[in-house]
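Thanks for making the time today. I would like to walk through one model with you, going from a backbone detail to the helices, then to the cysteines and the interior space.

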Amino acid sequence: MSNNFLLMERRQLIPRWHTSRRALSLQYPTLNKESSVANCLDEDDPWLKSARNDWIKNKTIFNAVELNITLFMNRLYADVHYKETLLFLLESYDDLSPGVKSFINSESERNNSNFYSLEDEVTELNIRKTKNFLKINPRDVFSWVDLAFYYTVKGENDKAYKCLKVGWGLNKEFPFVARAFARFLIHESKPEEALWVLNQSADSRNNPLLTSAHISIATSFELPSVRVNDGRKILKNFSGDMGRVSDLAASLGTIEFENGSLKKAKKLFTTALAVPTENSLSQYGWLKQKHGFSIDESSEFSNLSIESDANEYYVAGDFSSCRDKLIEFFSFQPFSDASMVDAGYMSIVGLKDPSYVINSSYYNRPKTQMSFGCLNNLVVAKLLNNNTGDIEVDFKLLAKKAQAKEESAKGVFIATCGMMMFKVGDIERGVELYETAIDFFKKKKDERAVGLAEHFYSQNIKGINNDLYSRLRKSVEHIAKKKRMKELLIEW
């Protein structure tokens with residue numbers, strides 16, 4: 001099994017990825033479009049000043065979109081140019097991309113109960129609609145990115161990559177495009193290429209959205225980065241809409257916290273939460289649950305981050321609510337199955353409910369299309385339920401997926417094989433495989449994986465070797481307390 005999501009050891013603000021029609025509303029959950037409070041002047045925000053000048057000089061759809069979105073981000077809804085650009089866009093409505101149409105007429109698209117449909121038929125329909133629009137408007141970069149999003153949800157990553165290359169090649173001015181492309185490349189385990197895309201994008205050293213993405217990706221994958229100083233300079237000189245620097249401030253705040261500079265970290269998170277992104281709220285929630293870090297934040301931020309809620313339920317030991325939030329998060333970011341893998345993990349380990357995995361529609365996809373973590377959950381669930389149908393095929397496919405994954409997957413595969421040996425009565429071989437897996441994880445200093453392997457090892461050896469069982473449970477309890485993995489205390 002895998003633990004991709006819950007109370008991860010390290011977290012940084014890897015960019016979220018949303019379709020253009022939902023990007024603003026989902027990325028900035030505290031923004032209220034009905035509000036009429038203005039919070040900055042042109043002199044305070046160079047991007048606003050530039051967008052306004054471009055609109056005055058040349059009244060195009062592109063410039064109208066840029067200025068309207070900038071004014072919206074600054075909550076300048078009473079501004080004469082906000083009304084003027086909105087009128088211009090409404091008069092040009094038939095020529096707009098779906099994302100822009102949704103932005104200026106969001107009620108027709110809003111669905112608070114489900115962020116993205118998880119039904120294949122709906123994804124296929126969205127692909128057809130977007131492709132038909134691109135036949136008429138082949139230079140609409142937003143639609144190329146949206147098409148890539150839907151292809152990634154379907155697992156057609158080669159097609160998604162081509163769409164993102166086209167969209168990014170058409171216009172490298174939009175941070176939205178570069179951040180989406182970078183996030184896709186992280187999904188493809190290509191962090192170096194993600195940084196290259198960000199480096200090649202327009203104004204990459206001065207734009208807080210691009211700089212924050214660069215710092216977060218480089219930090220997460222321990223890659224060389226010179227952008228931390230760039231980020232500090234941006235924050236020092238920045239004035240204007242604080243939503244633009246929310247991710248950046250939270251990213252730098254996390255680095256300061258890890259360096260032991262608590263005072264600087266609190267100051268940066270105060271900036272990050274002024275007009276917070278959903279990602280910065282998730283980052284703050286993770287630091288709060290993982291490390292006890294907190295500032296005097298407003299209570300209005302509660303229930304605005306699904307990821308933070310999932311971690312809160314996890315730490316509290318409310319595994320059922322935690323699983324619900326993990327499943328909800330999948331509809332928030334459906335191109336990655338990390339939260340669903342952990343929902344399966346929580347079902348098996350915390351809730352003793354392997355049948356959920358076996359019967360779940362998500363886990364009933366073709367096995368060839370499953371990730372390693374997803375298929376491993378299914379195999380473990382079947383073994384726990386003594387359901388060995390097609391288990392030989394499952395193991396052969398799981399072995400192939402483990403070879404293609406990072407090294408830790410090989411240790412997980414060995415532990416799962418150990419469980420299989422116990423199930424078929426080969427106790428000696430089962431012990432050997434579990435011991436090999438545990439040694440493997442110890443060498444990697446992965447205590448969470450050690451604890452999980454020892455947990456299942458103890459359950460299989462129980463009643464066969466009680467001395468070994470007692471030693472294993474003592475170790476499991478120590479790791480469970482240290483890593484706050486209460487689910488390991490639940491025995492089968």
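Let me begin with K352, which counts as partly exposed because its relative accessibility is 38%, where buried means under 20% relative accessible area, exposed means over 50%, and partly exposed lies in between, with a 1.4 Å probe and protein chains only. Before going further, I should say that this is a predicted model, in which local features need pLDDT of at least 70 and side-chain atom pairs count only at pLDDT 80 or more, while totals for chains, interfaces and linings use all residues. Residues are numbered from 1 along each chain as its sequence is written, and side-chain values use heavy atoms, with hydrogens and water left out.

K352 sits in the loop between α18 and α19, helices here being DSSP runs of H or I with at least four residues, and strands E runs of at least two, numbered from the N terminus. Its phi is near 50°, a positive value in a residue other than glycine, and as background, most residues other than glycine have a negative phi. L7, in the segment before α1, also has a positive phi, of about 40°, although it is not a glycine; L7, however, is buried, with a relative accessible area of 0%. Just after α15, G292 takes a positive phi of about 75°.

That brings me to α15 itself, so what do its end-to-end distance and burial look like? For its 14 residues one expects 20 Å at 1.5 Å a residue, and the end C-alpha atoms are 20 Å apart, which agrees; the expected span is 1.5 Å times one less than the number of residues. Twelve of the 14 residues are buried, so α15 is largely enclosed by the rest of the structure. The cover over those buried residues includes α1, α13, α14, α16, α17 and α24, contact meaning heavy atoms within 4.5 Å.

L13, in the segment before α1, is buried at 2% relative accessible area, and, leaving aside residues up to four places away in sequence, L13 touches N279, S280 and Q283 among others, including D247 and A250.

Helix α17, residues 319–332, passes the length check too, with an expected 20 Å for 14 residues and end C-alpha atoms 20 Å apart. Its buried residues include F319, C322, L326 and F330, and what covers the buried residues of α17 includes α1, α15, α16, α18 and α19.

How many disulfides does the structure hold? There are zero, a disulfide being a pair of cysteine sulfur atoms within 2.5 Å. For C374, the closest cysteine sulfur is in C322, 17 Å away, which is too far for a bond. Both cysteines are enclosed: C322 is buried at 0% relative accessible area, and C374 counts as buried at 0% relative accessibility.

Finally, the interior space. The structure holds one cavity of 30 Å³ or more, where, on a 1 Å grid over the protein atoms alone, a cavity is a set of points where a 1.4 Å probe fits but cannot get out, and lining residues have an atom within 4 Å of a point. The largest cavity has a volume of about 70 Å³, volume being the space filled by probe spheres set on the points, which are joined across faces, edges and corners. Its lining includes R16, R179, D247, E278 and N279.

Definitions and conventions
1 Å grid on protein atoms, 1.4 Å probe; cavity = no way out; pocket = protein on both sides within 12 Å on 5 of 7 lines; lining within 4 Å.
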